[in-house]
Amino acid sequence: MELSRIVAVLLPGAEQRYVGNGTGYLLGPRLILTSRHVLDGRDACDVQVPGGRAVPCTVVWRGATHVDAALLLAEADVREQVAPVRWGRLVTARHQPCDVAGYPEAGRRAGGGLDLQQPRATLAPGTGALSHRYTVELASAPPADPARRTPSPWSGQSGAALFSGALLTGVVVTDVSGWGLPRWEAVPVYALLADPEFTDRVTRHAAAAPVWEPVDLQGLVTPAAGWRVRSPATLLDQRAEVVRFHGREHLLGELTDDWCEGDGVRLAVLTGPGGAGKSRLARELCTRLRDRHGWVCGWLDERGPAADLGVLAEVDRPLIVVADYAELRITQLTALLTVLDRRPDGRPAVRLLLTARGRGDSTGGWWDQLRTRTRETRNLTYDALHRELPPLTELPDRDVHYRDALTDLARRLPEALPRQLRDVSGDWTGRLALVAPRDVSAPEYGSALTLHMTALTDLLATHPATCLDDTDLRVEEQLLLHERAYWEDCAAGRPRLAEAGPVPLADAVGTAVLTAGAEPALAVPLLLSSPGFRTADAPTVDQGTAWLAEMYPAPGGSCWGALQPDRLGEYHVGDRTRANTDLVTLPLLTLAREGTVLRRSRAGKPLPLSAAPTLLAALVTLSRVAELPRHWDPVARALDEAFVRAPALAGTVLEAITLTESPEPLLDALHRLTDAPGTDPELLLELLDRLGAGRSRVLAGWATRTAATAARGLPPTPRAAALVHEAGWRQAAGDHGTALRRCDEALRLYDSGEAEATPRRMVHRAADKVPLAPLDRRVRCGHGCAGPGRRPGRHTLPSRPGPRRGRDPRRACPCPGRRR
């Protein structure tokens, strides 16, 4: 709630005096929300903000009989800059703290003027629910009024906006007397949004369509509204929803009619390459479920506190939660599934929709890790629906999609241009006829994002002020040139930053793409790791961090977001890495180093700085950057340099390989690390211990080679451990004979005394996993003799060197050697 947006609603009387007043709230520069009864049947009134002049208004909307609310339209702007409000609805039975302020009689000064009053209050969801009213319980009574100037000290508070957190949740309409402490009643926002005329008025005059969000889930889900177009690239962000949704009706029907039917908790996973339209489809599904069926919809905030996830199990209506980038959120999803699996029976349906680029269902992949993590994750993932988004294959459909994208982008393009360019270019819808015909039959146009990017660059090419000299560039390169104008325009108001020049600015944006979502405390060291800011002074760095956060804002708790769409940001990182590999190397080293630094909490206690999730996400992003052949070598050089300066970084690379759908660049870097002459074999063994034998299909080849390499360079004790690792990976690959030989070598090291420790149980376990050889083959037994293949059963290896309890150790083996 912004106090400067609270207005006094004044009813003019005779002799230029006001005969009554209420409260209102600015939704737009000229649009005010208030209570219907405040107007006393009038069609006009005045409004006034603190310190401002009275502005005449007319009533443009009145609620129905049971909806005591009204909209006023001022003759002139009451305020020039007014951001769109966000709307909320209570979805659990939990009491919610709320903010409300107005101009009641209790705040009238001795001279007769009005002053704001902002009492502490709480929303009680259940009280008055059957009457479709919210009850506001005040924490204290107003000051006594012995003169009884008005029937209620709260007269004039009617029409005040009721906020819970950041969400406008209701409009105060009534003072309920007869209780120990005062209570107010409020009309819920959902009653207003049910009227199409109300939503049309708000959309027209407040520059954004009103969409309600769950009040109780604030902090757990990202805002559903408030995304603002800032540059040409932001027109393509799925949060902006600039281009209308097109196609995928069969899949949407399956999700809406089949997957969402019934009670209980169900999961679905949407996969596909970057730009396929996964997030856009998820957003369209949420919109349809919310608008047509009243579902609660939320996009899970990756930084949401795990301790608060329990509220999701208390939602009192059907709920769908979307988790984008699911491959990077295994820990959070595990906590969420645990909460949902423990819900009492009979609660409304919950649907969890995950989006990821790869299926991750092979051994050790992200989905395999999630589904096998706990009992609760196994319970809720066994029947999950998996769907991969296919490319747009029908050529006529593809052409219609391209033309629709041109039309939709033309309507919103002025918002994405600097003011001076906006004034020069004018209305872009009139330039649609100038767009040259485009053949979209090539395979690359099967991507919805490629179609949209092409439509945007084709549209920009129709005006001399935005037409590029070189039109043979890749579509990503064309868009980045337009985006660079946005960077420089935003930097112009910061003198020190503007002096840095275009190359450091481009590098800083690349650093932001790699480190998006990092904690605010990491902003300064990360910007100092950008090649163009390594020697920058503190004022320049401060301007740079504020500049990035302003251009690419992120949800609360992060220093900045990233250039979107992802494919465009990834291309930019690859392009800048070709110019300077430090763009990748230095941020990785900074994240690896800062993860060990302690920060101070508000209570003064040391807390670990959480750089690990950002580092993991940066490595996954790098794996996608290197998918393009022209970016493979620069990324490879950057990773090699990072390994030289921080070999322990390889542990996080291992984890990233299991999460990405493009592991080859990172896997190749690990192979080079293994083969490098200066690599410490102890480090290799540590990586193998961290991975665990047989736990990742994609890492099997590297782990087998690395175990063999480490064994050659290690002293006896760790060499035995490396041999067991190699045995485990070889048996997983089906090389059972070699696996048994490696177990035998490890046992000989322990039996001979060369190896100090004797973890025989580990060796036995590795040997027991090896299937028996066919009967016509000869295998080696535990004490080194060669015998015929044995009948199916357990391999028997000596339990310890020397006789045990007086028995001949050879009796454990069925081969003829035991009888000698």
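**Exercise 1. Find the partner of E284 and place the pair in the structure.**

Step 1. E284 forms a salt bridge with R288. The term means a side-chain nitrogen of Lys or Arg within 4 Å of a carboxyl oxygen of Asp or Glu. Here the closest N and O atoms are 2.9 Å apart.

Step 2. The model is predicted: local features need pLDDT of at least 70, side-chain atom pairs count only at pLDDT 80 or more, and totals for chains, interfaces and linings use all residues. Residues are numbered from 1 along each chain as its sequence is written, and side-chain values use heavy atoms, with hydrogens and water left out.

Step 3. Locate the pair. Both E284 and R288 sit in helix α4 (residues 278–293), four residues apart, about one turn of the helix. Helices are DSSP runs (H or I, at least four residues), numbered from the N terminus. An α-helix has 3.6 residues a turn, so residues three or four places apart point the same way.

Step 4. Check burial. E284 and R288 are both buried. Buried means under 20% relative accessible area, exposed over 50%, and partly exposed in between (1.4 Å probe, protein chains only).

**Exercise 2. Compare the burial of D291 and its partner R290.**

Step 1. D291 and R290 form a salt bridge, with the closest N and O atoms 3.4 Å apart.

Step 2. D291 has a relative accessible area of 55%, so D291 is exposed.

Step 3. R290 has 14% relative accessibility and therefore counts as buried.

**Exercise 3. Describe the salt bridge of E726, then find a network.**

Step 1. E726 pairs with R742, the closest N and O atoms being 3.1 Å apart.

Step 2. This pair links distant parts of the chain: E726 is in helix α24 (residues 716–732) and R742 in helix α25 (residues 736–751), 16 residues apart.

Step 3. Both E726 and R742 are buried.

Step 4. Salt bridges that share partners join E241, E249, R280, E284 and R288 into one network. The count of salt bridges comes to 46.

**Exercise 4. Test the span of helix α11 and work out its surroundings.**

Step 1. The expected span is 1.5 Å times one less than the number of residues. Helix α11 (residues 475–491) has 17 residues, so it should span 24 Å; its end C-alpha atoms are 25 Å apart, which agrees.

Step 2. Twelve of the 17 residues of α11 are buried, so α11 is largely enclosed by the rest of the structure. Among them are V475, L479, H482 and W487.

Step 3. The cover over these buried residues includes α10 (448–460), α12 (495–500), α13 (502–515) and α15 (538–551).

**Exercise 5. Place T466 and list its contacts.**

Step 1. T466 is in the loop between α10 and α11.

Step 2. T466 has a relative accessible area of 6%, so T466 is buried.

Step 3. Contact means heavy atoms within 4.5 Å. Leaving aside neighbours within four places in sequence, T466 is in contact with L421, W428, L460 and H482.

**Exercise 6. Repeat the helix analysis for α21.**

Step 1. Helix α21 (residues 664–675) has twelve residues. From first C-alpha to last it reaches 16 Å, close to the 16 Å expected at 1.5 Å a residue.

Step 2. Buried residues of α21 include P665, L666, L670 and L673.

Step 3. The buried residues of α21 pack against α18, α19, α20 (650–659), α22 (681–691) and α23 (700–713).

Technical notes: Helices (H or I, at least four residues) and strands (E, at least two) are DSSP runs, numbered from the N terminus.
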